[in-house]
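Here are some short exercises to work through with the model open beside you. Try each task on your own, then follow the solution step by step.

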Amino acid sequence: MKRIGELEKKYVLDVLEGQFKTSRGAEYTKKFENAFKEKFKSKFAISHANGTATMHSVLEAAGIGIGDEVIVPPLTMASTSLSVLHANAIPVFADVDIDTFNIDVSSIEERITEKTKAIITVALYGLSPDMDPIISLAKKHNLIVIEDNAEAFLSYYKGNLVGTFGDAASFSFQSSKHLSSGDGGIIITNNEDLAHGIRKVSGLGYKSLGAMNAKIKKNVIQHPSFERHDYIGWNYRMSELNCAVALAQTERADELIDQRKKIGKTFKDAIEGFEWFSPQHVGQDYESSYWAFACRLDTEHVSWDDFRERFLHEGGDSYYGAWIVTYLEPLFKNRMFRQREAIMKHIYNSGLCPNAEKLQPQIKAFKTNYMSLKEAKKQAEILNSTLRFFNV
């Protein structure tokens, strides 16, 4: 199986042969958005240049800004929190569950104040957080819920697709993701007013854009009396070339994502029986799409570096650790927030989220984007051999 195949090439060639003529009217943008919303059972889908712009667009469309607080997890890619800063709002970090590595609803509840306006959940490594109590808590306090599903395509929670629980869900098409067009992103929502605002934010605030309308008709925009902008917006639009590839990837989603799920199961079988090396816990009501196979290493048994050195020595592929806990990045530690005065009063120190700080230096995230199950099984065998080497 090839990650980029003939279908992607066919659609890209069609775009190129069209010479980027505006008369074609964002043809592949429409096709991609329609295909994605149908795949994920959503009323609206709005494509973006990347999966950070997506979340910023939702926050802006929801009217969240200066002085508002948005609760986020600290154990994930910093983009989740950066989107909050882009909206001039304040990221507030809730701790994670020690077994699932995902945001913990009890910690969310502790962080809610009169300034809280939204919660951004992250389906880390392809696994959904426990969404039911999070949604209930959000409704109780009238909060927007945004699902950051950059790492979770066709994941399930209690039999439902991840991405169908919050007010909006963000997906990324960056090069490492389950489905990729090199870069890009998309937002899905069932809220027409929110979709309308998201489209405006992502399309320079053009007056004629709307929830279902990504293109302004030529006879309208060419007229000298056309008033262009009635909304503050950014240029977050996804290119036709990226949309062409993303359309093909969406049409091939089951094939590409099933492969990752099989590889995740292969790795899970390989680590059975080693108590000091535990996988991210996937509960009975969950189905992970395994963007990566994440495990927690007992670093008192063997150091993170020694384990990696042995794994690579035996022929294993390189792999990632977890991101530095976001609020301990220099940006937050050194308060490099430029002119964002509201956030200057907010304190970010070590000890804020104990579980996240404990987990971060222990996590090993093995890649699952192998196009051959045979290759993945070889890596799983190397992992098993490394575990046996240190199992003393």
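**Exercise 1. An enclosed helix**

Task: Find which elements the buried residues of helix 7 pack against, then work out how enclosed helix 7 is.

Solution:
- Step 1. The buried residues of helix 7 pack against helix 2, strand 1, helix 3, strand 8 (168-172) and strand 9 (185-189). Keep in mind that you are looking at a predicted model.
- Step 2. Now pick out the buried residues themselves, using the cut-off of under 20% relative accessible area. In helix 7 they are Leu194, Ala195, Gly197, Ile198, Arg199, Lys200, Val201 and Ser202.
- Step 3. Helix 7 covers residues 192-202, and 8 of its 11 residues are buried, so helix 7 is largely enclosed by the rest of the structure.

**Exercise 2. One of the packing partners**

Task: How many residues of helix 3 are buried, and what follows helix 3?

Solution:
- Step 1. Go along helix 3 and list the buried residues: Ala53, Thr54, Met55, His56, Ser57, Val58, Leu59, Glu60 and Ala61.
- Step 2. Compare that list with the helix, which spans residues 53-61: 9 of the 9 residues are buried, so helix 3 is largely enclosed by the rest of the structure.
- Step 3. Look just past the helix. Gly63 follows helix 3, and its phi is positive, near 80°.

**Exercise 3. Two helices against helix 9**

Task: Decide whether helix 1 is roughly parallel or antiparallel to helix 9, and then do the same for helix 2 and helix 9.

Solution:
- Step 1. What do you need to describe a packed pair? Two packed helices are described by the angle between their axes and the distance between the axes.
- Step 2. Helix 1 (residues 6-17) packs against helix 9 (residues 240-251) at an angle of about 155°, and their axes are 8 Å apart.
- Step 3. An angle over 145 degrees counts as roughly antiparallel, so helix 1 and helix 9 are roughly antiparallel. Their crossing is right-handed.
- Step 4. From helix 1, the residues Leu7, Glu8, Tyr11, Val12, Val15 and Leu16 take part; among their partners in helix 9 are Leu241, Ala244, Val245 and Ala248. By class, this contact has 10 nonpolar, 1 polar and 3 charged residues.
- Step 5. Turn to helix 2. The axes of helix 2 and helix 9 come within 8 Å and cross at roughly 30°. This makes helix 2 roughly parallel to helix 9, and the crossing of this pair is left-handed.
- Step 6. On the helix 2 side, the contact includes Tyr28, Phe32, Ala35 and Phe36, while Cys243, Ala244 and Leu247 are among the helix 9 residues that they meet. The classes here are 8 nonpolar, 2 polar and 4 charged.

**Exercise 4. A third helix pair**

Task: Which way does helix 10 run relative to helix 15, parallel or antiparallel?

Solution:
- Step 1. Helix 10 (residues 253-270) and helix 15 (residues 373-390) have axes 9 Å apart, at an angle of about 25°.
- Step 2. Angles under 35 degrees count as roughly parallel, so helix 10 and helix 15 are roughly parallel.
- Step 3. The crossing of helix 10 and helix 15 is right-handed. Helix 10 contributes Gln259, Lys262, Ile263, Thr266, Phe267 and Ala270, and helix 15 contributes residues including Leu373, Ala380, Leu383 and Leu387.
- Step 4. Sorted by class, the contact of helix 10 with helix 15 has 8 nonpolar, 4 polar and 2 charged residues.

**Exercise 5. Two loop residues**

Task: Where do Ser42 and Val302 lie, and is each of them buried or exposed?

Solution:
- Step 1. Ser42 is in the loop between helix 2 (27-39) and strand 1 (44-48). Its relative accessible area is 12%, so Ser42 is buried.
- Step 2. Check what Ser42 touches beyond four places in sequence: Lys37, Ile188, Thr189 and Asn190. Ser42 and Thr189 are 147 residues apart along the chain, yet their C-alpha atoms are separated by 6.1 Å.
- Step 3. Val302 sits in the loop between strand 12 (292-297) and helix 11 (304-313). Val302 has 6% relative accessibility, so it counts as buried.
- Step 4. Leaving out neighbours within four places in sequence, Val302 is in contact with Trp276, Leu297, Phe307 and Phe390.

Notes:
Residues are numbered from 1 along each chain as its sequence is written. This is a predicted model: local features need pLDDT of at least 70, side-chain atom pairs count only at pLDDT 80 or more; totals for chains, interfaces and linings use all residues. Side-chain values use heavy atoms; hydrogens and water are left out. Axes are lines fitted to C-alpha atoms, for helices over the stretch in contact, and angles run from 0 to 180 degrees between N-to-C directions. Helices (H or I, at least four residues) and strands (E, at least two) are DSSP runs, numbered from the N terminus. Angles under 35 degrees count as roughly parallel, over 145 as roughly antiparallel, 65 to 115 as roughly perpendicular and the rest as oblique. A crossing is left-handed if the near helix is turned anticlockwise from the far one by less than a right angle, and right-handed if clockwise. Contact means heavy atoms within 4.5 Å. Ala, Val, Leu, Ile, Met, Phe, Trp, Tyr, Cys and Pro count as nonpolar, Asp, Glu, Lys and Arg as charged, and the others, Gly among them, as polar. Buried means under 20% relative accessible area, exposed over 50%, partly exposed in between (1.4 Å probe, protein chains only).
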